[in-house]
Amino acid sequence: MPKPENCRFAKTHEWVCLEGGVAVVGLSDHAQKEITDIVFAEPPKPGRTVNVGEACGVVESVKAAFDVYSPITGEVTAGNPVLAQDPAVVNRSPHDEGWFFKLKPSNPGEINKLMDWAAYQAFLKTAEAHAGH
Amino acid sequence: MTTSAILRRTPLYETHKKLGGRIVDFHGWELPVQYEGILKEHQAVRQAVGLFDVSHMGQVWVHGPQALDFLQKVNTNDISRIKPGQAIYSHLPNEKGGVVDDLIISCFAPDRYFLVVNASTCEDDFTWLKSQAANFQVRLENKSDDYGMIALQGPRALEVVGLDFPSVPKLARFGAVELDILGKPGIVTRTGYTGEEGCEFIVPSGHTVQVWEHLMSRGEAFEAVACGLGCRDTLRLEAGYLLYGSDIDAEHSSFEAGYGWVVKLDKGDFIGKEILVRQKAAGLKRRLFGIKLCERGVPRPGCPVFVEGKPSGTLASATFSPTLQVGIGMGYLDRPDLKPGAQVSVEIHGRQAAAEIVRMPFYLSKELKNAKA
């Protein structure tokens, strides 16, 4: 997996990066910390077409449930199979083993509209960053 | 947290901030939902010992020669069963057969009883109790603002307490004692809301920080952990304890909640007794059931429950059980005939998850199981 510094970020705190022709999506370190202990995680099913900004997955802590939004448009090719048995992997390794799902982008250019690492770090200092998760 | 101006704080507010507590609005009180994490704190209470700030709870003294007569009238349980030095769990019934609050009553003398009531209901309870006290020689005092309260819970809690208060581990479960707590008069009861051994300290407000810090430092060798409201809820739900406002309220009776053991119909007259007698004779139309998921997923309060495909009620309390590693909940179902093992389903995020009816508690420590037997 690429380093967080090389990922792009949505305002809803998902990261995405391109690996070959496939985009990998996960939750940012900030998001997993805010959600706290994750006890349930469900990625979208392979074959599903998701639009940019569409709620397509769920993570749950002991206290609350959170939607996971797709940062770009495309067709889901895989969900992380580890999540079913070990949802806490998202807390331990949000940018690596705890990735959420993969998708084949319909429009790879969409990714450039998302925040880069520096922009995301600046975004986290704003009030808007804390409105969602 | 834009309404912080009207929120109330316990004497331990600054302590929680210092410890990194994540502060939330809990029924108008600023309290920590967690410090390091709900799962870690939950496990600490199941395996070692945890400290809770429960200073938001209400305290009411009942004084007077007719204290017992008055308490018998406003309670479902038989308060004459406790002697000085003992406590009892009870419900305050309303005139419709519902419940005004659940509480723990300690007796310190035949004319001196001490009530610990829920934070969210404290003002209403006091108004209700006063309205019922007119014909009794009693004096009621709401002393909630004068006390801080700390719960020490877990299999090693009594070892920690015993270091400074050797009389406390010698108390029986639901024992209550007035004693000097680090130089100030206070109360310790062998009670709790976690399904573990432990006790609760009630001390003067201004003394609460000192007692907390002392217990924390004494607990260090036992791996004591500061615990927030998050794990308080998961622990009590595993233990099958009711949360007032969710699992019982003015509309549901103690019988319907499965707490018939706190209703003593043979003790003489009390508020709402006739309705409860009739309800018992006629049979219940609905009952609070324990429900355990048979698959992955986290049930939440409000989730609909289906029996044989028919909507039959909703979950009143529900969560992921850290001890059992599965979703659990309790809810009123209009199928009082259901037995443990009955297959039901819970709607979670629009999907039906397989579940079954189970006997509560979902979990109880072996110390408390033995104490019950």
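This section describes the fold of chain B, two of its strand systems, its domains and its contact with chain A in a predicted model.

Chain B contains 10 helices and 20 strands, and its C-alpha atoms fill a box of roughly 60 × 50 × 45 Å when taken along the principal axes. The radius of gyration of chain B is 20 Å, which agrees with the value near 21 Å that a compact globule of 373 residues would have. Of the 373 residues in chain B, 47% are buried. Among the contacts in chain B with a separation of 6 or more, 68% are accounted for by residues 24 or more positions apart.

One part of chain B is an open sheet of five strands, in which the order is β6-β7-β8-β5-β9 and the pairing is antiparallel. The edges of this sheet are formed by β6 (86-93) and β9 (139-142) of chain B, each of which pairs on one side only, and the twist from one strand to the next averages 25°. Within the sheet, strand β5 (residues 58-63) of chain B runs antiparallel to strand β8 (residues 112-117) of chain B, and six bridges join the two; Val60(B) has Leu115(B), in β8(B), as its bridge partner.

Two helices lie across strands of this sheet. Helix α3 (residues 67-74) of chain B lies across β5, β6, β7 (99-109) and β8 of chain B, and runs at about 130° to β5(B). Helix α4 (residues 122-132) of chain B, in turn, lies across β5, β6, β7, β8 and β9 of chain B, with an angle of about 15° to β5(B).

A second set of pairings involves strand β4 (residues 50-53) of chain B, which is joined to β10(B) in the antiparallel sense and to β14(B) in the parallel sense. The pairing with strand β10 (residues 147-153) of chain B extends over four bridges, and in it Leu51(B) stands opposite Leu152(B). The pairing with strand β14 (residues 225-227) of chain B comprises three bridges, and here the bridge partner of Leu51(B) is Ala226(B). In a regular strand the side chains alternate between the two faces of the sheet. In β4(B) both faces are covered, with Gly50(B) and Phe52(B) buried on one side and Leu51(B) and Asp53(B) buried on the other.

The domain assignment of chain B gives domain 1 (4-57 + 145-238) and domain 2 (285-366), and the C-alpha centres of these domains of chain B lie 30 Å apart. Their contact takes 12 residues from domain 1 of chain B and 11 residues from domain 2 of chain B. On the side of domain 1 of chain B that touches domain 2 of chain B, the elements that give two or more residues are α2 (38-47) and α8 (229-238) of chain B. By class, this side of domain 1 of chain B has three nonpolar, four polar and five charged residues.

Between the chains, 10 residues of chain A are in contact with 13 residues of chain B. On the side of chain A that touches chain B, β4 (38-42) and β6 (55-61) of chain A each supply at least two residues. The residues of this side of chain A divide into six nonpolar, one polar and three charged.

Conventions. Residues are numbered from 1 along each chain as its sequence is written. Chains are lettered from A and ligands numbered from 1 in the order in which they are written. This is a predicted model: local features need pLDDT of at least 70, side-chain atom pairs count only at pLDDT 80 or more; totals for chains, interfaces and linings use all residues. The radius of gyration is taken over C-alpha atoms; the globule rule is 2.2 Å times the number of residues to the power 0.38. A residue is buried if 20 or more other C-beta atoms lie within 10 Å of its own, exposed if 12 or fewer, and partly exposed in between; C-beta atoms are placed from the backbone. Two residues are in contact if their C-beta atoms, placed from the backbone, lie within 7 Å. Two strands pair if DSSP finds at least two bridges between them. Axes are lines fitted to C-alpha atoms, for helices over the stretch in contact, and angles run from 0 to 180 degrees between N-to-C directions. Ala, Val, Leu, Ile, Met, Phe, Trp, Tyr, Cys and Pro count as nonpolar, Asp, Glu, Lys and Arg as charged, and the others, Gly among them, as polar. Domain bounds come from an automatic or database domain assignment.
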